[in-house]
Amino acid sequence: MFRKITLSVTLLLLGGAAMAQNPIIRDQFTADPSALVVGDRIYVFPSHDIPAPDDFPRKDWFCMGDYHVFSSENLTDWTDHGVILDQKDVPWGNPKGYSMWAPDCAEKNGKYYFFFPDFMKSDGKPGRFSPFRAGVAVADRPEGPYTPRETPIEGVFGIDPCIFVDDDGQGYLVWPARGINIAKLNDDWSQLAEEPTPVGNLPSPGLIEGPYLFKANGKYYMTFPWARKDTEVLAYSMADNIYGPYEFKGVFFEEWPNKCWTNHHSIVNFKDQWYIFYHHNAYSPDFDKNRSACADSLFFEADGSIRMVKPTLRGIGITRAESDIQIDRYSAISEAGAAIAYLDTTYYFAGWKTVFTSPDAWVQYNTVQFDGDCRGAVLRVNAPKGGMLLLQSGNKTIAKVKVPVTEGWKEIPVRIRGIEKGIHHLTVSSLSPNVTHVDWLRFSKKAKP
Ligand code: FUB
């Protein structure tokens, strides 16, 4: 029932760590996130959008020259394992193609197979319909190092290869080319083992990329982005047999309201919960080709259909009370008087703040883990005329905070009426009409942090 589950491995964690919430990676762009469960960890293989460098002429297009992999055991702290493949290291690829689009990865017999699209070298043989080919790089561990094979997969012309492993261990490649194609892979996953079968009964036009096949409760779910109208939604078809016939079931993720044109996803079961990984241009509001990976829980209805996904800012994972709790990644927000805004519009990776502009405005931030009795907190605030905030855990008031007049950002210490060990939902409300900006808050066991 679970896709791509493999044996646990001992991990040497390298690189930097990023905190949870959406987007899940907060220091670089990460698109097309493909998730892979490996024992007790989840790995995410995204593509890597970058602003176009001087040697890439199309400033208005996707520009992607390498791949990183990220992993987490708690869905909150994500470790960047660094670059696993660079365009200049692909023997058949164009070293300046910047076209390393959506990848995927799966395990077989203790080896990790990373499938990726790339532009063919100019002296190679690009496909008749596409300059893209799909290749494979192999590693002994999910975090690499990956060694790319000498040649691309014969007969696969196009982008976004998806690898699906059925219950019997047979690997299939699924990729978009005039619809969606599916074909068995050979034993070492280097080539197709059969002629591709086109998947029938799919919506048309508008299906050009990003298929993702998974299996749940014995059913095959062929999921895909679909440019139904203006931009992409995520939709799916279901079948009892891997080759079909697939029955079109409809949309499960609506268009982005801000017109980000793409969405690209993967769906996995991790520790008995289904998750969807997808992307949005949260850190690049003016250019939708610099995207960021996000994740949310996914649910099925009793009849096996996928419940509509409502993307959240809060995302997944538990937040520790003693970390910087970014309440702008709220779970719920009052209808009026509270909004979020970028901290720095010249550097979006600085993140967001919550801006309260009226009394009784509030934000709720769910699932905060308190490891012990907390007696204090620090709030990072900016209130040019001063303000008053109320902190609550569930319905219990834990602090009333008189915010002094600040000249810019200030960290103010607060005494908390003890919160017991456990997971709590927090609400921060304004009790004042004054404009009060909150960046984050952090709890501590000491009354005076
Ligand atoms: O990231 C480049 C392309 O945009 C991907 O390959 C597509 O799926 C779309 O997300």
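## Phe 252 and the nonpolar cores

In this predicted model, Phe 252 is in contact, once its neighbours within four places in sequence are left aside, with Thr 223, Leu 234, Ala 235, Tyr 236, His 265, Ile 267, Ile 276, Ile 306, Arg 307, Met 308 and Val 309. Phe 252 is also a member of the largest nonpolar core, which holds 55 residues, and it belongs there to the group that touches the most other members, together with Ile 42, Trp 78, Leu 213, Ile 276 and Phe 277. The strand that gives the most to this core is β16, covering residues 232–239, with six residues.

Apart from this core lies another one, of 30 residues, and among its members are Ile 325, Phe 370, Ala 383 and Val 414.

## Enclosed cavities

The model contains four cavities of 30 Å³ or more, and the largest of them encloses about 90 Å³ of space. Its lining is made up of 13 residues, of which Asp 32, Trp 101, Asp 160, Glu 209 and Arg 291 are the closest to the centre of the cavity. Sorted by class, the residues of this lining divide into five charged, four polar and four nonpolar.

The second largest cavity has a volume of about 60 Å³. Here too the lining consists of 13 residues, and those closest to the centre of this second cavity are Pro 103, Asp 104, Pro 161, Pro 211 and His 264. The class division of this second lining is seven nonpolar, four polar and two charged residues.

## A four-stranded open sheet

One open sheet has four strands in the order β10-β11-β12-β13, with antiparallel pairing. Its edges are formed by β10 (162–165) and β13 (197–198), each of which pairs on one side only. Between β10 and β11 (residues 171–176) the antiparallel pairing runs over four bridges, and within this pair Val 165 stands opposite Gly 171 of β11.

On the other edge strand, β13, lies Pro 198, which counts as exposed because its relative accessible area is 56%, over the 50% cut-off. Leaving aside neighbours within four places in sequence, Pro 198 is in contact with Ile 180 and Asn 181. As a gauge of distance across the model, Pro 198 and Ile 327 are 129 residues apart in sequence and 46 Å apart in space, C-alpha to C-alpha.

## The enclosed strand β24

Strand β24, covering residues 352–356, has five of its five residues buried, and so it is largely enclosed by the rest of the structure. In a regular strand the side chains alternate between the two faces of the sheet. In β24, Trp 352, Thr 354 and Phe 356 point one way while Lys 353 and Val 355 point the other way, and all of these are buried.

Two pairings of β24 can be described. With β23 (residues 338–342) the strand pairs in the antiparallel sense over five bridges, and in that pairing Ala 338 stands opposite Phe 356. With β31 (residues 436–444) β24 also runs antiparallel, joined by three bridges, and the bridge partner of Phe 356 in β31 is Thr 436.

## Backbone exceptions

Most residues other than glycine have a negative phi, and most peptide bonds are trans. Against that background, a cis peptide bond joins Asn 22 and Pro 23, with omega of about -5 degrees, and Pro 23 is found in the loop between β1 (17–18) and β2 (31–38). A cis peptide bond also joins Gly 144 and Pro 145, with omega of about 5 degrees, and Pro 145 lies in the loop between β8 (132–139) and β9 (147–148).

A positive phi of about 65 degrees is found at Leu 75, although this residue is not a glycine. Leu 75 sits in the loop between β4 (66–72) and β5 (78–86), and it counts as buried because its relative accessibility is 5%, under the 20% cut-off. Asp 360, likewise not a glycine, has a positive phi of about 80 degrees. The loop that holds Asp 360 runs between β24 and β25 (362–370), and Asp 360 counts as exposed because its relative accessibility is 60%, over the 50% cut-off.

Terms used. Residues are numbered from 1 along each chain as its sequence is written. This is a predicted model: local features need pLDDT of at least 70, side-chain atom pairs count only at pLDDT 80 or more; totals for chains, interfaces and linings use all residues. Side-chain values use heavy atoms; hydrogens and water are left out. A nonpolar core is a set of buried Ala, Val, Leu, Ile, Met, Phe, Trp, Tyr and Cys residues joined through side-chain atoms within 4.5 Å. Buried means under 20% relative accessible area, exposed over 50%, partly exposed in between (1.4 Å probe, protein chains only). Contact means heavy atoms within 4.5 Å. On a 1 Å grid over the protein atoms alone, a cavity is a set of points where a 1.4 Å probe fits but cannot get out, and a pocket is an open set with protein on both sides within 12 Å along at least five of seven lines; lining residues have an atom within 4 Å of a point. Grid points are joined across faces, edges and corners, and a volume is the space filled by probe spheres set on the points. Ala, Val, Leu, Ile, Met, Phe, Trp, Tyr, Cys and Pro count as nonpolar, Asp, Glu, Lys and Arg as charged, and the others, Gly among them, as polar. Two strands pair if DSSP finds at least two bridges between them.
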